[in-house]
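Me: I'd like to learn how to read a structure with more than one chain. Can you walk me through it?

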Amino acid sequence: MSLAPPVVELDAVTKRYGTVEAVRGITLRIDAGEVVAMLGPNGAGKTTSVGLMLGLREPSSGTVRLFGLPPTDRRARSRAGVMLQESGTTGVLTPREIVRLFGTYYPAPMPPEQALALAGLIDKADARIGTLSGGQRQRLYFALAVCGNPDVLFLDEPTVAMDVEARRAFVASVHTLAGAGKTVVFTTHYLREAEEMARRIVVIDRGLVIADASPRELMARVAAKRVAFSVAGSLPAGAFDGLAITALESVNGHVRFLTNEPEAVLRALFTRGVELGDLEVVGADLEDAFLSLTRRDEPARTERA
Amino acid sequence: MGTASISSMLLAQARSEFVTRWRIPAFSITSLVLPILFFTFFGLPFARQTSPAGVSVGAYLLVSFAAYGVGNVMVYGFGIGVAVERGQKVDVLMRAMPIPPLVVITAKVLNALVFSLISIVALIAYGVVVGGVHQDLGVWVSVIGRLLAGSLPFVGLGFAIGYGASPNAAPALANLIYLPLSFASGLFMPVDQLPGFVQRVAPYLPSYHYGQLAWGAVGAPAEPLHVSLAWLAGYTALFMFLALRAYRREESRKFA
């Protein structure tokens, strides 16, 4: 199998919509059996990237290959299952009927029962699609993605609109598929979700890949705590010099930054004679995580009011 | 690398298209019941009469409404059906599937032909049983054949509306175009009973020449078959061109 082409290959791909550059130059290779999360905030270019991989969008420059073929090639598409964020089905069919129909698009589909079971939709298999809840519809789209028994699954924001239980079942199904050797590419803006399901996380921000690592490596790079406090007087000169912090903001005596080592940093600040009030140390959210990734190499800035 | 068989996906697609349309009463009832209803109001009172030229008035009116019914299936089925599916973004997911767009469209056409066939047969059966309209079996077969074969311009018109109009505007647009077109072409009452200016416009309308196909089949005075076919071919080309243009515009917006 070493001679088989990669599942997905993006080579210096850009995509412009008018004057907006949604993807600004992504080179990415995904091999068979990988489970990859495309992580990024809304508008980062994740959906556009998936659209390019599927041939739904044409790149403005660069090349895209799916199993070594143009992604619009039917032979490539016959090996790909797809769940899109913005798509629908007619409401008058039942999940069983439409899963059976979509199976006929693929050369070796799985029995409709099996796809419905993987998606946790057996008890709604014969209801009209129009009567399904948002979360059940998501499960249906997942069933449609897997019903062709494809080698690769593309899932764009798969857990949106799923409740906690549905999410848990979905994660379990993805693990099952990954265990069976399927390649899975999914987008999410939840760091936890990426960490939970993927073995590789590709972080996309403003149309560029800003990190591509295993969850463990990425978590180590991401500043895990946000520290905030206020200072009564003025800050001593060089108060933050040499400290392991990022995304420093200091406005009107309110100071915020991100760090992996809050204890050491605070100890240093006490030693330097900084008078802290209203101290808060909280786990960083995704926005913070992005800040720490995107600003890692920039010098800390101090903004004046 | 394997791909699925085109014929089996076409069959499954057409079947599911049929089930979908059948379960939408707004479509199935309009397609099947409306022509029968119109024939009941406008046709039954004269169904047993014969014209001075020896043509069964019942048969003439019956095939007129059959023509109206088939055009209706095409214009509404494609016009509203395609527009609604665009609104539901069904097309986006389909685009990523290994089924070629042409197969999806062919399935829609097949399904519309089956619906049309059911619509004509139901109307003829009603006319024969309730209206006492009698023609040789060969005449009815010829009516069905001509109406199905000549329905292509309305497939084009439907697609043009379906890809050109927004999901909300499509039903109104389909009604505004198709209903007056049918009236003005003599499908509801003979052309010589229409207002003068409509009589002058009628010979330029696609449904007028479509009606001629049907009238010719039951022995009523009609233009030569090749003239009807030439007009219908011309309108097919025009509507298909408009449909293709709207389709391409949509493509470049959604999938460029």
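Reply: Let's go through the fold of one chain, then the domains of the other, then the contact between them. Keep in mind that this is a predicted model.

Me: How many helices and strands does chain B have?

Reply: Start with the secondary structure count. Chain B has 11 helices and zero strands, and its pattern along the sequence reads α-α-α-α-α-α-α-α-α-α-α.

Me: Why is chain B as compact as a globular protein of that length?

Reply: Set the radius of gyration beside the globule rule. For chain B the radius is 19 Å and the rule gives 18 Å for 256 residues, so the chain is as compact as a globular protein of that length. The C-alpha trace of chain B spans about 65 × 35 × 30 Å along its principal axes.

Me: What share of chain B counts as buried?

Reply: Of its 256 residues, 45% are buried. Look at the contacts too: of those in chain B between residues at least 6 apart in sequence, 79% join residues at least 24 apart.

Me: Which domains does chain A have?

Reply: The domain assignment splits chain A into domain 1 (8–220) and domain 2 (223–294). Their C-alpha centres lie 38 Å apart.

Me: And how do I read the contact between the chains?

Reply: In general, an interface's size is often given as the accessible area lost when the parts come together. Here we can go by residues: 25 from chain A and 27 from chain B take part. On the chain A side, helix H2 (74–77) and helix H3 (95–103) each give two or more residues, with H2(A) giving the largest share, three residues.

Me: What is the chemical make-up of that chain A side?

Reply: It divides into 11 nonpolar, six polar and eight charged residues.

Notes: Residues numbered from 1 in each chain as written. Chains lettered and ligands numbered in written order. Predicted model: local features only at pLDDT ≥ 70, side-chain atom pairs only at ≥ 80, totals over all residues. Helix = DSSP H or I, 4+ residues; strand = E, 2+ residues; numbered from the N terminus. Rg over C-alpha atoms; globule rule 2.2 N^0.38 Å. Buried ≥ 20, exposed ≤ 12 C-beta atoms within 10 Å, placed from the backbone. Contact = placed C-beta atoms within 7 Å. Domains from an automatic or database assignment. Nonpolar A, V, L, I, M, F, W, Y, C, P; charged D, E, K, R; others polar.
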